[in-house]
Amino acid sequence: MNVLIWHVHGSWITAFVQGAHTYLVPVTPDRGPDGLGRARTWDWPAAVRELSPEQLREADIDLMVLQRPHEVELAHRWTGRRPGRDVPAVYVEHNSPHETPVDTRHPLADRTDIPLVHVTHFNRLMWDNGRAPTTVVEHGIIDPGDRWTGAEQRAAVVVNEPVRRGRTTGTDLLPRFAAAAPLDVFGMRTDGLARHLDLPPDRCRTRDLPQAELHAAMARCRVYVHPIRWTSLGLSLLEAMFLGMPVVALDTTEVREAVPEGAGVVSNRLETLTDAVRAFVADRDLAARTGQEARAAVQARYGVKRFLDDWDQLLKEVTR
């Protein structure tokens, strides 16, 4: 199929475009949010083609994959075809509802012609989906390899914009974890985090690394900490498990489904979590065994082959 999809959510779309289709990715001269084109820091196959809005008008499109509310109108304006009516379409909802956990109505809730595809069962449960048909295709991760060394007695955290996002991403919890082990916080716009939290720089190092360097740096840390209170299932958590890292995470959203017994410590008791961080940092053998359990669990459930198979099945149903 020829699948129109905007370059949004880099990790997710990198897995998505590994399938057996041709992927038409809009590109604009400024490579802005609606026209990023092909990824420059990810490895994408040749089947991903950049098309300008003018070229999209003439392109053969079998399916539209929408990911942001304004793409419904944008797709119509750029292609001359209405998603869900003139061309089959699906809408991928990557996020948990923000306004309220249970009463946020989805922007496509009144449409029956565009199926809503949630990335976790928790998200489908919490959104008010209205009349829209819904399904779930869980994440798929391209295996970065068993790379954990645990060489540094530090805890890795991955979060973008921790100062701005605050309690949502558990930024206020980081001093508690920093008391249990020095932190390496990876992500965009993390500068000034230690100062914001009034932590010594060595207890809270921040690093904004390109994707090619991120996994190796994470894998040198003894343990991965996931302090997120409210967001969709973080791909960084799954990537840490693929790396063979033991994980310590809040028991919120879909985390309990992703981290089974033996693969790490999942709890909402902060003392339990900080004790677990201390234990993994102090006992490398314990960290290694738990990390291997985490890797086996995530390979079984979140492999990219299962992800692509699920998507192929869904695409066949939608375009039938």
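A salt bridge is taken here as a side-chain nitrogen of Lys or Arg within 4 Å of a carboxyl oxygen of Asp or Glu. In the predicted model, the side chains of Glu-161 and Arg-189 satisfy this criterion, with an N to O distance of 3.5 Å. Glu-161 belongs to the loop between β8 (152-158) and α5 (162-165), while Arg-189 belongs to the loop between β9 (183-186) and α7 (193-197), so the pair ties together parts that are 28 residues apart in sequence. The two partners contrast in their surroundings: Glu-161 is buried, with a relative accessible area of 18%, whereas Arg-189, at 54% relative accessibility, counts as exposed.

Across the whole structure, 26 salt bridges were found. A further pair is formed by the side chains of Arg-205 and Asp-184, which meet at 2.8 Å, N to O. This pair likewise links distant parts of the chain, with Arg-205 in strand β10 (residues 204-207) and Asp-184 in strand β9, 21 residues apart. Arg-205 is partly exposed, at 28% relative accessibility, and Asp-184 is buried, with a relative accessible area of 0%. Both residues take part in a network of salt bridges that also links Glu-152, Arg-154, Asp-202, Arg-207 and Arg-220. In another salt bridge, the closest N and O atoms of Arg-68 and Glu-71 are 2.6 Å apart. Because burial is assigned under 20% relative accessible area, Arg-68 counts as buried at 16%. Glu-71 is also buried, with a relative accessible area of 0%.

An open sheet is formed by 7 strands in the order β3-β2-β1-β4-β5-β6-β7, with parallel pairing. The edges are occupied by β3 (48-51) and β7 (134-136), each of which has a single partner strand, so one side of each is left without a neighbour in the sheet. From one strand to the next, the twist averages 30°. Helix α3 packs on this sheet, where it touches β1, β2 (22-26) and β4, and its direction makes about 140° with that of β4. Helix α13 (residues 304-319) lies across β4, β5, β6 (116-118) and β7, and runs at about 140° to β5.

Within the sheet, strand β4 (residues 63-66) is covered on both faces. Leu-63 and Val-65 on one side are buried, as are Met-64 and Leu-66 on the other. Strand β1 (residues 2-5) runs parallel to β4 and is joined to β4 by 3 bridges; Leu-4 stands opposite Met-64 of β4. Strand β5 (residues 89-93) is also parallel to β4, again through 3 bridges, and Tyr-91 in β5 is the bridge partner of Leu-66. Together with helix α3 (residues 71-79), β4 and β5 make a right-handed β-α-β unit.

Elsewhere in the chain, helix α9 (residues 235-242) packs against helix α12 (residues 284-301) at an angle of about 115°, and the axes of the two helices are 7 Å apart. The contact is made by Leu-238, Met-241 and Phe-242 of α9, together with Gly-291, Ala-294, Arg-295, Val-298 and Gln-299 of α12. By residue class, the contact of α9 with α12 comprises 5 nonpolar, 2 polar and 1 charged.

Met-241, one of the α9 residues in this contact, lies 9.3 Å from Gly-264, C-alpha to C-alpha, the two being 23 residues apart in sequence. Gly-264 is found in strand β13 (residues 264-267). When neighbours within four places in sequence are left aside, Gly-264 is in contact with Val-247, Val-259 and Thr-290.

Conventions
Residues are numbered from 1 along each chain as its sequence is written. This is a predicted model: local features need pLDDT of at least 70, side-chain atom pairs count only at pLDDT 80 or more; totals for chains, interfaces and linings use all residues. Side-chain values use heavy atoms; hydrogens and water are left out. Axes are lines fitted to C-alpha atoms, for helices over the stretch in contact, and angles run from 0 to 180 degrees between N-to-C directions. Helices (H or I, at least four residues) and strands (E, at least two) are DSSP runs, numbered from the N terminus. Contact means heavy atoms within 4.5 Å. Ala, Val, Leu, Ile, Met, Phe, Trp, Tyr, Cys and Pro count as nonpolar, Asp, Glu, Lys and Arg as charged, and the others, Gly among them, as polar. Buried means under 20% relative accessible area, exposed over 50%, partly exposed in between (1.4 Å probe, protein chains only). Two strands pair if DSSP finds at least two bridges between them. A crossover is right-handed if, with the strands pointing away from the viewer, the path from the first strand over the helix to the second runs clockwise.
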